[in-house]
Amino acid sequence: MNYYVWTIGCQMNVADSRRLESALERLGHTPVDRAENADIIVLNTCVVRQSAENKIYGRLGSLKPLKQERPETVIGLMGCFVGRGDADHLLRRFPWVDVLMPPSNPGPLLRYLTERGLVEEDRAMETAQVLRRYRLQDGEASQALVLPARERETLVSAYVSVVLGCSHACSYCIIPHRRGPERSRPMDEILDEARALAAQGVREITLLGQIVDRYGLDLPNHPSLPNLLRRLHQIEGLQRIRFLTSHPNWMTDELLDAVAELPKVCEHIEVPVQAGDDEVLRRMKRGYTVDDYRRLVERIRRRIAGVSIATDIIVGFPGETAEQFQHTHDLLAELRLDKAHIARYSPRPQTLASRHYQDDVPPEEKERRRKALDELQAEIVGQINTRLLDETVEVLVEGQKKDRWWGRSRTDKLVYFEDDADWRGRLARVRITWAGPWSLIGEIESDPS
Ligand code: SAH
């Protein structure tokens with residue numbers, strides 16, 4: 001049978017979809033490019049903001065006539081729209097959906113397909129094995145992940161989830177309610193997955209967790225993220241390692257030193273500040289002050305030469321005054337970070353902020369604030385990137401768009417260059433000839449590999 005997986009949202013969803021696709025192919029199914037041509041359709045969903053949730057309604061709506069026309073089509077709904085609790089109300093609301101899957105767990109679909117006899121006969125027995133093998137149920141041991149067909153021999157950079165769920169409960173955030181409490185994956189399992197990916201041609205892995213620096217705190221013997229980085233570093237074939245997302249309170253010196261010391265670990269830290277005002281931070285329940293964050297940025301820069309830092313910011317949090325917003329604007333101007341992802345506050349069900357605070361910043365004002373920060377940041381990054389002109393950066397080439405190769409620098413800048421050789425999966429030394437805020441263009445300097 002043909003399958004189609006539609007994915008929106010965070011990097012963890014990308015990793016979850018890959019695992020699902022790998023399992024479906026193991027059971028004999030074949031990928032297709034369009035939902036219309038598929039016998040099995042899965043929507044892997046995000047609800048972090050209302051805008052993401054709205055996309056799900058759009059997609060679900062378009063599947064209804066398709067199901068009416070071809071009732072045998074299997075439709076699965078996965079991810080944070082489903083969550084980990086009882087979500088049967090979704091089946092009543094969208095009766096054309098057949099099966100629900102919590103985030104990171106495609107098990108229910110695989111079992112459903114087997115029960116309905118939709119797995120090739122000689123493979124049906126494999127469902128249980130596949131569930132175990134790819135750790136499709138929380139807590140079961142895994143082995144290697146086989147890349148799905150569309151990525152086989154082409155994927156250069158892969159996400160690997162290392163901490164599932166989150167127990168921090170920032171007041172605006174729905175993730176802990178949908179992905180469940182924090183659980184670290186055992187180190188051996190992660191190492192197996194990374195080795196398997198490297199053996200299949202992957203050259204860079206990005207370790208994922210809502211607070212990735214808390215890796216291991218819930219495991220026996222308490223391995224830490226620096227321990228994990230050191231073990232991953234020994235894997236032959238892997239050339240780069242990244243991790244995200246960090247929380248300011250959990251970034252130890254040991255971690256920063258591991259980044260500085262280990263050549264494969266890239267000098268790039270994603271550590272969201274969310275707001276530049278102490279009162280707003282307190283109501284967000286972030287657990288640090290603006291000054292703490294300022295000192296953290298200094299510490300990161302002191303310990304890791306040439307580091308780039310990315311942040312996330314929410315504008316228009318309930319009660320955020322013009323003055324409080326100005327504090328965020330000032331902080332961004334002062335810190336001059338390499339990237340800032342700006343989001344307009346969106347009240348989310350179950351969260352503390354949606355229950356206790358009025359969403360009182362009007363949409364036009366949220367948009368004004370978002371735009372102001374975006375413009376400021378574009379100017380800052382434009383200046384930072386201009387300094388790279390004539391410099392040579394190391395680029396891990398991920399693919400080709402039109403006639404240009406593209407990849408990212410160690411500091412996570414997007415770089416394009418033209419060359420006749422096949423560069424996919426290789427490290428290139430590229431001299432920068434043009435710099436804009438969102439990308440760089442350069443020329444091959446030499447071939448180090
Ligand atoms: N655990 C990670 C990722 C959280 S989701 C972290 O700490 O950053 C990614 C980003 O979405 C967050 O950093 C935040 O900036 C934004 N976000 C989360 N909830 C939001 C909400 N209710 N409204 C608007 N943006 C939100």
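This report walks through a three-stranded sheet and the helices that accompany it in a predicted model.

Let's start with the sheet. Strands 11, 12 and 13 form an open sheet in the order 11-12-13, with parallel pairing. Strand 11 (268-270) and strand 13 (339-344) are the edge strands; each has a single partner strand, so one side of each lacks a neighbour in the sheet. From one strand to the next, the twist averages 15°. If you zoom in on strand 11 and strand 12 (residues 308-315), you will find 3 bridges joining these parallel strands. Here Ile269 stands opposite Ile309 in strand 12.

Two helices lie across the strands, as the table shows.

| Helix | Strands it lies across | Angle |
|---|---|---|
| Helix 12 (residues 290-303) | strand 11 and strand 12 | about 160° to strand 12 |
| Helix 15 (residues 363-386) | strand 12 and strand 13 | about 175° to strand 13 |

Helix 12 also has a helical partner. How do helix 12 and helix 13 (residues 322-335) pack, and at what angle? Their axes are 12 Å apart, and the angle is about 15°. Angles under 35 degrees count as roughly parallel, so helix 12 and helix 13 are roughly parallel to each other. The crossing of helix 12 past helix 13 is right-handed.

Which residues make this contact? Helix 12 contributes Val290, Tyr293, Arg294, Val297 and Arg301, while Leu331, Glu334 and Leu335 come from helix 13. Sorted by class, the contact of helix 12 with helix 13 holds 5 nonpolar and 3 charged residues, with no polar ones.

Terms used
Residues numbered from 1 in each chain as written. Predicted model: local features only at pLDDT ≥ 70, side-chain atom pairs only at ≥ 80, totals over all residues. Heavy atoms only, no water. Axes fitted to C-alpha atoms, helices over the stretch in contact; angles between N-to-C directions. Helix = DSSP H or I, 4+ residues; strand = E, 2+ residues; numbered from the N terminus. Parallel < 35°, antiparallel > 145°, perpendicular 65-115°, else oblique. Left-handed = near helix turned anticlockwise from the far one by under 90°. Contact = heavy atoms within 4.5 Å. Nonpolar A, V, L, I, M, F, W, Y, C, P; charged D, E, K, R; others polar. Pairing = 2+ DSSP bridges.
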